[in-house]
Amino acid sequence: MSPLFVDRQVALEADGLPSQAELEAWVAAVLARHADEPRHELTIRFVDDAESQALNRDYRGRDRPTNVLSFPFESPPGVELPLLGDLVVCHPVVVREAAEQDKSLRAHYAHMVVHGTLHLLGHDHLVETEAEAMEALEREILASLGFADPYAPSNHDSDTEDERADA
């Protein structure tokens, strides 16, 4: 297994951002469930509402900031690199959602990083069966890290697409 490398980028002034060690632990927990995955390098960038909104608009056609965006790395033919891709996490959105869902900021950040990393690995939630499988995997990974079920009713009011991580 190749070594894990997380490039932590901070593009805003903010308190409460996850540490390098937390990011590495959360990503490692995801990769532990994908033992055959040779790619172990990714960037996690923390941004403000404006940068998140611009990226969400330009790449997903949604003109609003969002919690996490995932950009899987697509290697050119014949080139093998250990890059998974990039996660862009909007700190103000994550802070708002954590408060609205009555969960700790750290727990919500762990969820966003796990969710986004799963997207980099090809998981998705476009159809209900995929969403259920992805959410079950998220629950397992987060439980292994000591976090509560992010989809439990006590953590938010409903299980709508708007409340799922966007990635």
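Me: In this predicted model, where does D102 lie relative to helix 3 and helix 4?

Reply: D102 lies in the loop that joins helix 3, residues 91-100, to helix 4, residues 105-120.

Me: What is the phi of D102, and is the residue buried or exposed?

Reply: Although D102 is not a glycine, its phi is positive, at about 55 degrees. D102 counts as exposed because its relative accessibility is 66%, and exposed here means over 50%.

Me: Which residues of helix 3, the helix that D102 follows, are buried, and what do they pack against?

Reply: The buried residues of helix 3 are H91, P92, V93, V94, E97 and A98. Their packing partners are strand 2 (41-47), helix 2 (49-60), strand 4 (83-90) and helix 4.

Me: How should I read the packing of helix 1 and helix 4?

Reply: Two packed helices are described by the angle between their axes and by the distance between those axes. In this structure, helix 1, residues 20-31, packs with helix 4 at an angle of about 45 degrees, the axes being 9 Å apart, and for that reason helix 1 is oblique to helix 4. The crossing of helix 1 past helix 4 is right-handed.

Me: Which residues make that contact, and how do they divide by character?

Reply: Helix 1 contributes E22, L23, W26, V27 and V30, while helix 4 contributes R106, Y109, A110, V113, V114, T117 and L118. The residues of this contact comprise nine nonpolar, one polar and two charged.

Me: What general idea helps with the spacing of residues along a helix?

Reply: An α-helix has 3.6 residues a turn, so residues three or four places apart point the same way.

Conventions
Residues are numbered from 1 along each chain as its sequence is written. This is a predicted model: local features need pLDDT of at least 70, side-chain atom pairs count only at pLDDT 80 or more; totals for chains, interfaces and linings use all residues. Side-chain values use heavy atoms; hydrogens and water are left out. Helices (H or I, at least four residues) and strands (E, at least two) are DSSP runs, numbered from the N terminus. Buried means under 20% relative accessible area, exposed over 50%, partly exposed in between (1.4 Å probe, protein chains only). Axes are lines fitted to C-alpha atoms, for helices over the stretch in contact, and angles run from 0 to 180 degrees between N-to-C directions. Angles under 35 degrees count as roughly parallel, over 145 as roughly antiparallel, 65 to 115 as roughly perpendicular and the rest as oblique. A crossing is left-handed if the near helix is turned anticlockwise from the far one by less than a right angle, and right-handed if clockwise. Contact means heavy atoms within 4.5 Å. Ala, Val, Leu, Ile, Met, Phe, Trp, Tyr, Cys and Pro count as nonpolar, Asp, Glu, Lys and Arg as charged, and the others, Gly among them, as polar.
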